Amino acid sequence: MSSRSLAGNLSLAAIALAAFALMAMPGPARADAGFQRWIAQFRAVAMQNGISGSTYDRAFRGVTAPDPEVLEKARYQPEFRAEAWEYFDNRVQQNTIETGRRLARQWKPWLDRIERQFGVSRHILLAIWSIESNYGEVLKNDRVMRSLPRSLATLAYADSRRAKFARQQLIAALKILQTGDIDVGHLTSSWAGAMGHTQFIPTSYQAYAVDMDGDGRRDIWNSVPDALATAANLLRKNGWRGGETWGYEVAALPGGRKFPGGKMALSRWASIGVVRANGKAFPRPSDSAELKVPDGRAGPAFLVTRNFDVIKRYNNSDKYALAVGLLADEIAGYGGLVRDWNRPFERLTYSETEELQKRLGALGYYDGPIDGKIGSGSRDAIRAFQARSGMQQDGHPGKDVLRRLRGQ
């Protein structure tokens, strides 16, 4: 065989080997080139929408592959549906109340100014801050917060269900960067694009962002005054009524009687037997209100007013708006529920829930955060412990489980 033929055969072998190696590459590695092409092609779209080339290039410098964790979270569809007691227990509890009161004192001068300017209750703003980002603690968690341009580009490129939303939000995010409100190193968000202390998506930021501290930037990532004022501005522009409540806990209609639907004046509700749970009169009996029973007849009931609907403009969920209202009332010192949630176990305190997680971790059942909040990881760990201990495997964080753990 001639040297030329040998060289030719070696070349063909090298090509075949390279082709085989390319075919054997895992999916994400092959996708990188396509993702880079998408970024290059979207540059023209961004420029048509007023984004400069230098801003675009700055946003995507070093971004070469989709974020796999974003795609994982986008694909994940939780099977568990939180019961009312679980949703509220994780959001309205000892730690969120005490932290809210401490931060109310710490940020009082700014809260005074924000309340005067926007007419929105400081306690509502503190409750939103708590529920949205755990009073900003989530912003320190690199497992949660990530590059906003990369996250939105990942969704636009690889998630057909969210592609239109992601493209729209990415253009808005690039405009935020271009204005100088935030630098690219701090332009972070959750996997789906929620930003800062009060978790605004980019288009909502554009509509409501406020430079409250007067430094020339609307920085909801690093400025608590800016973040809280931005939330207040959203509520005000959507019809918040200053000096009025979100609603009242009530003693609902007795069993056997049908709940009326829709809205009626509070005085009308009182006339058919729906009165405040604490026995006091409604201070504004002419206000219109609607009855909510998120835990059924066995749980607490509420008459909610106009401001409840305004809170839902932040997150269109009755449970969310109720959690904000109930936590705000607790932070303000108005007291908790007269009638508790209908949970099928004896509730733990916040510190006891942390102890439960620590003890489960020490036995090898749990490796999640010790945060006093019961999520899927905690429930799975409880069920595993219950199975080994011969208990009913319901995953409930009750005192019976903690007592059994203390005996280990």
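How many nonpolar, polar and charged residues are in the lining of the second largest pocket? The answer comes at the third stop. This is a predicted model, so treat each stop as a look at a prediction.

**Stop 1: the whole chain**

Show everything as a cartoon. The protein has 408 residues, and 46% of them count as buried. Look for 18 helices and 7 strands. Now orient the view along the principal axes. The C-alpha atoms fill a box of roughly 105 × 60 × 40 Å. Turn to contacts next. Take those between residues at least 6 apart in sequence: 66% of them join residues at least 24 apart.

**Stop 2: the open sheet**

Select strands 3 to 7. They form an open sheet of 5 strands, in the order 4-6-7-3-5, with antiparallel pairing. Which strands are at the edges? They are strand 4 (263–265) and strand 5 (275–276), each of which pairs on one side only.

Start from the strand 4 edge. Strand 4 and strand 6 (residues 288–292) run antiparallel, joined by 3 bridges. Select Ala265 and find Ser288 opposite, in strand 6. Then pick Met264; Ala289 of strand 6 is the bridge partner of Met264.

Step across to strand 7 (residues 301–304). Strand 7 is also antiparallel to strand 6, and 3 bridges join the two. Here Lys292 has Phe302 of strand 7 as bridge partner.

Go on to Thr305. Thr305 sits in the loop between strand 7 and helix 14 (306–311). Is Thr305 buried or exposed? Thr305 is buried: the relative accessible area is 7%, and the cut-off for buried is under 20%. Show what surrounds this residue. Beyond the neighbours within four places in sequence, Thr305 contacts Thr245, Trp246, Gly247, Tyr248, Ser288 and Ala289. Two names there are familiar: Ser288 stands opposite Ala265, and Ala289 is the partner of Met264. For a distance check, measure from Thr305 to Asn278. The two are 27 residues apart in sequence, with C-alpha atoms 18 Å apart in space.

**Stop 3: the second largest pocket**

Select Trp246, Gly247, Asp329, Tyr334 and Gly335. Of the 38 lining residues of the second largest pocket, these lie nearest its centre. Trp246 and Gly247 are also among the contacts of Thr305. The pocket holds about 910 Å³ of space. Colour the elements that give two or more residues to the lining: helix 5 (84–89), helix 6 (94–106), helix 8, strand 3 (247–251) and helix 15 (318–332). Helix 15 gives the most, with 5 residues.

Now the opening question. Colour the lining by class and count 17 nonpolar, 11 polar and 10 charged residues.

**Stop 4: helix 6**

Hide the rest and keep helix 6. At 1.5 Å a residue, the 13 residues of helix 6 should span 18 Å, and the end C-alpha atoms are 18 Å apart, so the two values agree. Which residues of helix 6 are buried? They are Thr96, Ile97, Thr99, Gly100, Leu103 and Ala104. Keep the helical repeat in mind while looking down the axis. An α-helix has 3.6 residues a turn, so residues three or four places apart point the same way. Bring back helix 7 (108–118), helix 8 and helix 15: the buried residues of helix 6 pack against these.

**Stop 5: helix 8 and beyond**

Select His123, in helix 8 (residues 122–133). Leaving out residues up to four places away in sequence, His123 touches Ala328, Ile331 and Ala332. Those numbers fall within helix 15 (318–332). Then draw a line from His123 to Ala166. They are 43 residues apart in sequence, and 32 Å separates the C-alpha atoms.

Follow the chain out of helix 8 to Tyr135, in the loop before strand 1 (146–147). Check the backbone there. Phi of Tyr135 is near 55°, a positive value in a residue that is not glycine. Tyr135 has 8% relative accessibility, so Tyr135 counts as buried.

**Stop 6: Gln199**

Finish in the loop between strand 2 (188–189) and helix 11 (202–208), where Gln199 lies. Gln199 is not a glycine, yet phi is positive, at about 50°. Is Gln199 buried or exposed? Gln199 counts as buried, at 15% relative accessibility.

Technical notes
Residues numbered from 1 in each chain as written. Predicted model: local features only at pLDDT ≥ 70, side-chain atom pairs only at ≥ 80, totals over all residues. Heavy atoms only, no water. Helix = DSSP H or I, 4+ residues; strand = E, 2+ residues; numbered from the N terminus. Contact = heavy atoms within 4.5 Å. Pairing = 2+ DSSP bridges. Buried < 20%, exposed > 50% of the residue type's maximum accessible area, 1.4 Å probe, protein only. 1 Å grid on protein atoms, 1.4 Å probe; cavity = no way out; pocket = protein on both sides within 12 Å on 5 of 7 lines; lining within 4 Å. Points joined across faces, edges and corners; volume = space filled by probe spheres on them. Nonpolar A, V, L, I, M, F, W, Y, C, P; charged D, E, K, R; others polar. Expected span 1.5 Å × (residues − 1).
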